[in-house]
Amino acid sequence: MSGFFEMGGYAAYVWPSYGLTLVVIVLNILGARRLLAKSREAARQRCAMRSER
Amino acid sequence: MAWTWFHRLGSPPHVYAIARRLTPWFGWAAAVAIVAGLYGGLLLAPPDYQQGDDFRIIYVHAPSAWMSLMVYTTMAVSAAVGLIWRMKVAHAFAASCAPIGASFTFAALVTGSLWGERMWGTYWEWDPRLTSELILLFLYLGYMGLRSAVGDIQRADRASAVLAVVGIVNVPIIHYSVLWWNSLHQAPSVMQLGRPTMPAAMLVPLLIMLLGFTLLFVALLLVRVRAEILDRERAASWVAEAVAS
């Protein structure tokens, strides 16, 4: 198993590449969800204001 | 009527509802494919006879680079449809593409740089492939900057769409750069008609990763486009029902 993490001496190149790509994927997922939540909340507030008038 | 589908595609409430329904399917399919691709790429594929285990960077580098081009093409086509048919939904799709594309272009550049350091002895070179990919990142950032600089959403849609359409010339330049010019970067090994230059044990995980990233793009796009549609449908009566609960 330690051989797996050493990546034949290339660990310092392989793992940062995988790590960065994973971070980009996770940030994309969180970012998309947050964007939708924000837009939904803004739309909900607009609807509430309109129905009060 | 044959054109009904086109009109339905242009209908914001319809697209909003479909996007909501399809998101989990694409999201989970992407997760399964990416986990399977990682397993195949890290554990099943043999080390390369020249590059050893360093070649495994391909399983994150090539899918990121593929995303950078595929997302840009989607963005430019959506923007063109939005301009030509004045279709709000198409602009919403185009706007949704940019942050996704920019982030994966960044990932492609950094993972490529890490790969290049050991293989070429340098993190960066003003090489045709690397330079045109960097220009792609600037195109995405310029598109996003332009959108946020123009306050009115309809004007932002039109102005940024022109930029996206013009910028498409960079896509074939990136793809063919390794063939047209003398580049450090290796020639394509997957997108070659007929004969990929990799053994199946290396190639199959890569194809699964490419599929997984593409499915992930669709899932992300479907979530983002709902937000963009809501922002454009300020006065529409269907919105109240869609955002209730």
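Which residues of α6(B) are buried? In this predicted model, the buried residues of α6(B) are Asp157(B), Ser160(B), Ala161(B), Ala164(B) and Gly167(B). Because these residues cover an arc of only 125° around the axis, they are placed on the same side of α6(B). On the other side of the helix, Arg155(B) and Val166(B) are exposed. The buried residues of α6(B) pack against four helices of chain B, namely α3, α4 (88-120), α5 (128-149) and α7 (170-180). Helix α6 itself comprises the 15 residues 153-167 of chain B, and at 1.5 Å a residue these should span 21 Å, which agrees with the 21 Å that separates its end C-alpha atoms.

The chain to which this helix belongs has 9 helices and 0 strands, so that reading along the sequence of chain B gives the pattern α-α-α-α-α-α-α-α-α. For 245 residues, a compact globule would have a radius of gyration near 18 Å, and the value of 20 Å found for chain B agrees with this expectation. Taken along the principal axes, the C-alpha atoms of chain B fill a box of roughly 60 × 35 × 35 Å, and 43% of the 245 residues are buried. Among contacts in chain B between residues at least 6 apart in sequence, 78% join residues that are at least 24 apart.

Helix α3 of chain B, one of the partners of the buried residues of α6(B), is made of the 28 residues 58-85, for which a span of 40 Å is expected at 1.5 Å a residue; the end C-alpha atoms are 40 Å apart, in agreement with that value. This helix is mostly covered, with 20 of its 28 residues buried. Just after α3(B) comes Arg86(B), which takes a positive phi of about 50°, and which lies in the loop between α3 and α4 of chain B. Most residues other than glycine have a negative phi. Arg86(B) counts as partly exposed, because 13 C-beta neighbours lie inside 10 Å.

Chain A presents another picture. There are 2 helices and 0 strands in chain A, and whereas a compact globule of 53 residues would have a radius of gyration near 10 Å, chain A has 22 Å. The C-alpha trace of chain A spans about 70 × 15 × 5 Å along its principal axes, and 23% of the 53 residues count as buried. In helix α2 of chain A, which runs over residues 11-52, lies Arg46(A), a residue that counts as partly exposed because it has 16 C-beta neighbours inside 10 Å. From C-alpha to C-alpha, Arg46(A) and Leu20(A) are 38 Å apart in space, with a separation of 26 residues in sequence.

A positive phi is also found in chain A, where the phi of Met7(A), a residue other than glycine, is near 50°. Met7(A) lies in the loop between α1 (2-6) and α2 of chain A, and with 20 C-beta neighbours inside 10 Å it counts as buried, the cut-off for a buried residue being 20 or more.

The two chains are in contact with each other, and the contact takes 25 residues from chain A and 32 residues from chain B. By class, the side of chain A that touches chain B has 15 nonpolar, 6 polar and 4 charged residues.

Note on methods
Residues numbered from 1 in each chain as written. Chains lettered and ligands numbered in written order. Predicted model: local features only at pLDDT ≥ 70, side-chain atom pairs only at ≥ 80, totals over all residues. Contact = placed C-beta atoms within 7 Å. Nonpolar A, V, L, I, M, F, W, Y, C, P; charged D, E, K, R; others polar. Expected span 1.5 Å × (residues − 1). Buried ≥ 20, exposed ≤ 12 C-beta atoms within 10 Å, placed from the backbone. Rg over C-alpha atoms; globule rule 2.2 N^0.38 Å. Arc of directions from axis to C-beta.
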